[in-house]
Amino acid sequence: MNQRDLAKALKVAVEAARGAGALMRKNLRAVKKANLVVQHDIKLELDVRCQKLIEKILLKSFPGISVLGEEGVAGDPNSQYRWVIDPIDGTVNFAYGIPHACVSIALQEFKGPSRSDAGYQSVVGVVYDPFCDELWTAIRGKTALLNNKAIHVSNRSKLAEAVISLGFSKHDAGLNKMLPKLQDLAHRVRKIRIMGAAALDLVYVASGRYDGFMESGLRLWDIAAGGLILECAGGEFWNEALPGDHSFHIAATNGLLRKKLTAPLRG
């Protein structure tokens with residue numbers, strides 16, 4: 001895609017994110033229908049509805065691009081580009097009426113050599129918080145924006161002055177990896193935050209609100225858009241693939257703190 005095509009893709013992704021966001025606002029206080037309830041996670045009927053709405057808008061303008069979403073896939077998996085969608089990131093928050101959730105949409109380009117996630121690169125990213133009406137956008141190689149204004153990561157380099165967000169996976173392996181980090185970092189940073197919406201954690205780092213974010217067991221649709229937005233805001237998005245489909249351990253920082261955050265725990 002050339003720059004004009006990418007700009008069009010961004011515009012369409014914004015339209016789709018705002019459409020799903022409107023559904024989220026309308027239903028925040030409504031009784032939610034759950035398709036699945038397990039320990040540490042909830043899947044809502046509205047998740048599926050939001051993804052279907054997003055897919056309809058995206059595929060109308062780009063019918064040849066496949067879709068990989070939390071609520072399913074569509075199109076040719078061998079296409080040069082794919083949309084990566086989290087229709088409601090922060091579903092548990094949303095299900096409980098907590099207005100801290102968002103829509104995340106990324107466009108990824110296949111770079112090769114394999115069709116694993118490592119073979120793709122995010123080129124467009126959109127994260128929309130419908131409750132604060134905050135829209136983060138990025139096109140690779142350009143400056144990240146929040147409501148059309150340029151953003152940049154913080155310049156804090158000392159853990160003692162940093163606000164760090166941590167996430168806790170719904171799976172035991174991720175929980176067991178992060179709990180010691182919570183115990184260790186709580187004594188070393190200014191504040192820990194646990195907000196429950198990874199895409200928002202990433203763009204909060206991009207905006208300089210947080211200085212770092214860590215989680216183990218995140219899925220691709222949680223991070224594909226926010227990771228690009230962070231990089232375009234001058235930050236560092238470190239990620240490591242984990243066993244299982246589209247699963248990652250990530251450390252997102254302002255570029256000054258990763259080694260301190262990912263260092264072995266103190267004795």
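The second largest pocket in this predicted model has a volume of about 340 Å³. Its lining is made of 22 residues, and those nearest the pocket centre are Gln108, Tyr120, Leu220, Phe237 and Asn239. Four elements each give two or more residues to that lining: β7 (120-129), α6 (220-232), β14 (236-241) and β15 (247-253). Of these, α6 gives the most, with six residues. If you sort the lining by class, you get 10 nonpolar, eight polar and four charged residues.

So much for the pocket; now for the elements around it.

Start with β14 and β15, which pair in the antiparallel sense over six bridges. Glutamate 240 stands opposite histidine 249 in β15. The two strands form a hairpin, with five residues between them. In that turn sits glycine 244, which has a positive phi of about 105 degrees.

The hairpin belongs to an open sheet of five strands, ordered β12-β11-β13-β15-β14, and the pairing there is mixed. The edges are β12 (191-193) and β14; each has a single partner strand, so one side of each has no neighbour in the sheet. On average, neighbouring strands of this sheet are turned by 15 degrees against each other, if you ignore direction. Further into the order, β11 (residues 163-166) and β13 (residues 212-219) run parallel and are joined by three bridges. Isoleucine 164 has glycine 212 in β13 as its bridge partner.

The other strand on the pocket list, β7, sits in an open sheet of eight strands with the order β4-β3-β5-β6-β7-β8-β9-β10, again with mixed pairing. Its edge strands are β4 (72-74) and β10 (149-150), each of which pairs on one side only. β7 runs antiparallel to β8 (residues 134-139), and six bridges join the two. Within that pair, glycine 125 has alanine 138 in β8 as its bridge partner.

Here are the strand pairs with their bridges side by side.

| Strand pair | Sense | Bridges |
|---|---|---|
| β14 and β15 | antiparallel | six bridges |
| β7 and β8 | antiparallel | six bridges |
| β11 and β13 | parallel | three bridges |

Next, the helices on these sheets. In the eight-stranded sheet, helix α2 (residues 45-61) lies across β3 (66-69), β4, β5 (81-89) and β6 (102-110), and runs at about 150 degrees to β5. Helix α5 lies across β5, β6, β7 and β8 as well, at about 95 degrees to β7. α5 also lies across β11, β13, β14 and β15, where its direction makes about 150 degrees with β13. α6 packs on that sheet too, touching β13, β14 and β15, and its own angle to β13 is about 150 degrees.

How do α5 and α6 sit relative to one another, parallel or antiparallel? Helix α5 (residues 198-206) packs against α6 at an angle of about 5 degrees, and their axes are 8 Å apart. Angles under 35 degrees count as roughly parallel, so α5 is roughly parallel to α6. On the α5 side the contact is made by Ala198, Ala199, Leu202, Val203, Val205 and Ala206, and on the α6 side by Asp222, Ile223, Gly226, Gly227, Ile229 and Leu230. By class, this contact has nine nonpolar, two polar and one charged residues.

Key
Residues are numbered from 1 along each chain as its sequence is written. This is a predicted model: local features need pLDDT of at least 70, side-chain atom pairs count only at pLDDT 80 or more; totals for chains, interfaces and linings use all residues. Side-chain values use heavy atoms; hydrogens and water are left out. On a 1 Å grid over the protein atoms alone, a cavity is a set of points where a 1.4 Å probe fits but cannot get out, and a pocket is an open set with protein on both sides within 12 Å along at least five of seven lines; lining residues have an atom within 4 Å of a point. Grid points are joined across faces, edges and corners, and a volume is the space filled by probe spheres set on the points. Ala, Val, Leu, Ile, Met, Phe, Trp, Tyr, Cys and Pro count as nonpolar, Asp, Glu, Lys and Arg as charged, and the others, Gly among them, as polar. Two strands pair if DSSP finds at least two bridges between them. Axes are lines fitted to C-alpha atoms, for helices over the stretch in contact, and angles run from 0 to 180 degrees between N-to-C directions. Angles under 35 degrees count as roughly parallel, over 145 as roughly antiparallel, 65 to 115 as roughly perpendicular and the rest as oblique. Contact means heavy atoms within 4.5 Å.
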